[in-house]
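Welcome! Please take a look at the sequence and the 3D structure below, and then work through the exercises with me.

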Amino acid sequence: MAPQPVYEPVIDQHDTWLAVNPVQGCPKGCTYCYLQDLGLTRAKPSALATPEDTLEQLLAHRYYHPELVLALYTCTDALATPATRAHLTALLDVLGASAVRNPVCLITKCAIPDDVVACITRNREAGLPILVYLSYSGLGPDIEQGIDHAALRANFPRLHTAGIPVIHYWRPALPQNSTPDVIEHVMDWAARYAACTVAVGTKVKPTALTQITGLWPELADPHLDPQAADSVWPRTTWDWLHHLPDRYAGHPVFQTNSCALAYVLGRGDRAGVLETPTCLAANRCPAAQRDRCRNAASRQRPVTEADVDQHLAKIGHSALPYTLNSATRTVILGQPVALRDRHNLAQVLAVTVRSPQDPGERYWPGRLSGGQPLIIDTRP
């Protein structure tokens, strides 16, 4: 019997963006999907809010801030069914007609039909910044079950021709897509059309270790702790990224979504990545973007205790003890706080947030708690 679905909040905070999930449940069956243990894969999508109600909830939500990026439909693939596509185009039109001008992301593996391309185009022309993440990593139908990979590849030139910004989302990294021929088959195509690539490895949330070890048996080694890692990589993929062939020299490759978004949106870094090892050694970032980030950092308004007090009160933590290091823009919370609250505080104030880990947390803390990449030597 299929598990009963566990729905996420319609408005939620993730580590990179504000998630907007008025429809949840995906008919596809990607075996690595983080929705699997929620009973939301191989499921008929359920509409939890109309487009109009979604806008109302967004603007009234304690997490909302006009600087945050909105990621739409992260608990489904909005391009998967006619009903979800209709909801998507209606929501984009509602957002485009409103005062909301937050950048908007769509993430998909499905074909994007002409009416959706037209909807994105008219709302971009109305001033709503919309970009598309195409999740394409070279995995086959045995793992990404129900995905038409030819249609996914065809999205790249269609969106490029339409002038819609594309970020290539290369994830997850698994042994099955870690050989150089698979990597370069993906990258040769994506680099022709996408503004940049985001490569994020494999994320292992606390409730999904058994699910992931079914795909990657080496992660069951009791000496490893993949859930404490920021991400997990096959060594072949990790080494390929760090010895990027010359033919991709003009194509930016990031391991941080926030940096890819800053690059495509023409913004500076707000996530505390600048000058860190990730910035300097992992991300293949254009020099002009690093200069933009440095210039933005030099103009950044200092964060004060009044700023922290005000925002903690807004998100329901007015009595929370903390210390603030203004010089490093670091807030250290005195007790465990849900990751979504920590992420929102970090993004709105452009600070680094540290706190004790909540033992009941269902999601991966990653870099937020100092997690580092875990590199695995895969078996021949």
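The exercises below look at helices, a loop, cysteines, nonpolar cores and a cavity.

This is a predicted model, where local features need pLDDT of at least 70 and side-chain atom pairs count only at pLDDT 80 or more, while totals for chains, interfaces and linings use all residues. Residues are numbered from 1 along each chain as its sequence is written, and side-chain values use heavy atoms, with hydrogens and water left out.

**Exercise 1.** Find out why helix α12 is largely enclosed by the rest of the structure.

*Solution.* Start with two terms. Buried means under 20% relative accessible area, exposed over 50%, and partly exposed in between (1.4 Å probe, protein chains only). Helices (H or I, at least four residues) and strands (E, at least two) are DSSP runs, numbered from the N terminus.

Next, look along the helix: α12 covers residues 339–349, and ten of its eleven residues are buried, so the rest of the structure largely encloses it. Among the buried ones are Leu339, Asp341, Arg342 and His343. Then ask what lies over them: the cover includes β1 (11–13), α11 (305–314), β15 (330–333) and β16 (352–354). Finally, step past the helix to alanine 350, whose phi is positive, near 55°.

**Exercise 2.** Describe the surroundings of valine 200.

*Solution.* First, place the residue: valine 200 sits in the loop between β11 (196–199) and α6 (209–213). Second, check its burial: with a relative accessible area of 11%, valine 200 is buried. Third, list its contacts (heavy atoms within 4.5 Å). Leaving aside neighbours within four places in sequence, valine 200 touches Tyr169, Trp170, Arg171, Ser231, Trp233 and Gln255. For tyrosine 169, the separation from valine 200 is 31 residues in sequence and 8.2 Å in space, C-alpha to C-alpha.

**Exercise 3.** Work out how many disulfides there are.

*Solution.* Begin with the rule: a disulfide is a pair of cysteine sulfur atoms within 2.5 Å. Now test cysteine 26: its closest cysteine sulfur, in cysteine 110, is 6.6 Å away, too far for a bond. Test cysteine 259 too: the closest cysteine sulfur to it, in cysteine 293, is 6.5 Å away, again too far for a bond. The count by this rule is zero.

**Exercise 4.** Identify the residues with the most contacts inside the largest nonpolar core.

*Solution.* A nonpolar core is a set of buried Ala, Val, Leu, Ile, Met, Phe, Trp, Tyr and Cys residues joined through side-chain atoms within 4.5 Å. The largest has 62 residues, and those with the most contacts inside it are Leu72, Leu88, Leu92, Leu95 and Phe156. Helix α2 (residues 82–97) gives the most to this core, with five residues. Apart from it lies another core of 22 residues, among them Cys30, Leu38, Leu139 and Ile212. In soluble globular proteins, nonpolar side chains tend to be buried together.

**Exercise 5.** Follow helix α8 (residues 257–265) from its buried residues to the residue after it.

*Solution.* First, pick out the buried residues of α8: Asn257, Cys259, Ala260, Leu261 and Ala262. For cysteine 259, the relative accessible area is 12%. Next, see what they pack against: the partners include β7 (104–108), β8 (130–135) and α10 (287–299). Last, move on to glycine 266, which follows α8 and has a positive phi, near 70°.
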